[in-house]
Amino acid sequence: MPALGCGQCHQRLGNDCVAAEFLTFLAGETLIMAGNAAGLEASVPSYVGAISLLAAALVLIARRTTFALWMRLTGAPSCLS
């Protein structure tokens, strides 16, 4: 889970908001993994919740000026697909 490492790194650098955004991304990844164990029909609600968290995290990460412009421009449209 690279999002956890990125969140810890940015927290140590003093970028608490960026760390929180990466931890939101981590929560979405965790929901996807947890839903896989439930089977196809039972995992649909957790999958929808995970996709919502991932999209929100990508939007939040893409709006920060901490990252390079090219990274923000490629990250923002990916939450719409």
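**Why do they call it that?**

Q: Which residues in α2 are called buried, and why?
A: In α2, the buried ones are Val18, Ala19, Glu21, Phe22, Leu26, Gly28, Glu29 and Gly35. They get that label because buried means under 20% relative accessible area (over 50% is exposed, in between is partly exposed; 1.4 Å probe, protein chains only). By the way, this is a predicted model: local features need pLDDT of at least 70, side-chain atom pairs count only at pLDDT 80 or more, and totals for chains, interfaces and linings use all residues. Residues are numbered from 1 along each chain as its sequence is written, and side-chain values use heavy atoms, with hydrogens and water left out.

Q: How do you know what span to expect for helix α2?
A: You take 1.5 Å times one less than the number of residues. With 21 residues (16-36), that gives 30 Å, and α2 reaches 31 Å from its first C-alpha to its last, so the two are close.

Q: Why is Val44 called partly exposed?
A: Val44, in helix α3 (residues 44-62), has a relative accessible area of 45%, so it falls in the in-between class. Val44 also helps make a nonpolar surface patch of about 370 Å², along with Tyr47, Val48 and Ile51.

Q: What does Ser46 in α3 touch beyond its sequence neighbours?
A: Leaving aside neighbours within four places, Ser46 is in contact (heavy atoms within 4.5 Å) with Leu31 and Gly35. The Ser46 side chain also reaches the backbone oxygen of Ser43 at 3.0 Å.

Q: How many of the protein's elements are helices, and how many are strands?
A: There are four helices and zero strands, running α-α-α-α from the N terminus.

How values were computed
Patches are made of residues with over 30% relative accessible area and no salt bridge: like charges are joined within 9 Å, nonpolar side chains (Val, Leu, Ile, Met, Phe, Trp, Tyr) within 5 Å. Accessible areas come from the Shrake-Rupley method with a 1.4 Å probe; for residues, only the protein chains shown count as cover. A salt bridge is a side-chain nitrogen of Lys or Arg within 4 Å of a carboxyl oxygen of Asp or Glu. A polar contact is a pair of N or O atoms within 3.5 Å; within protein, one must be able to donate a hydrogen and the other to accept it, and residues adjacent in sequence count only if both atoms are side-chain atoms.
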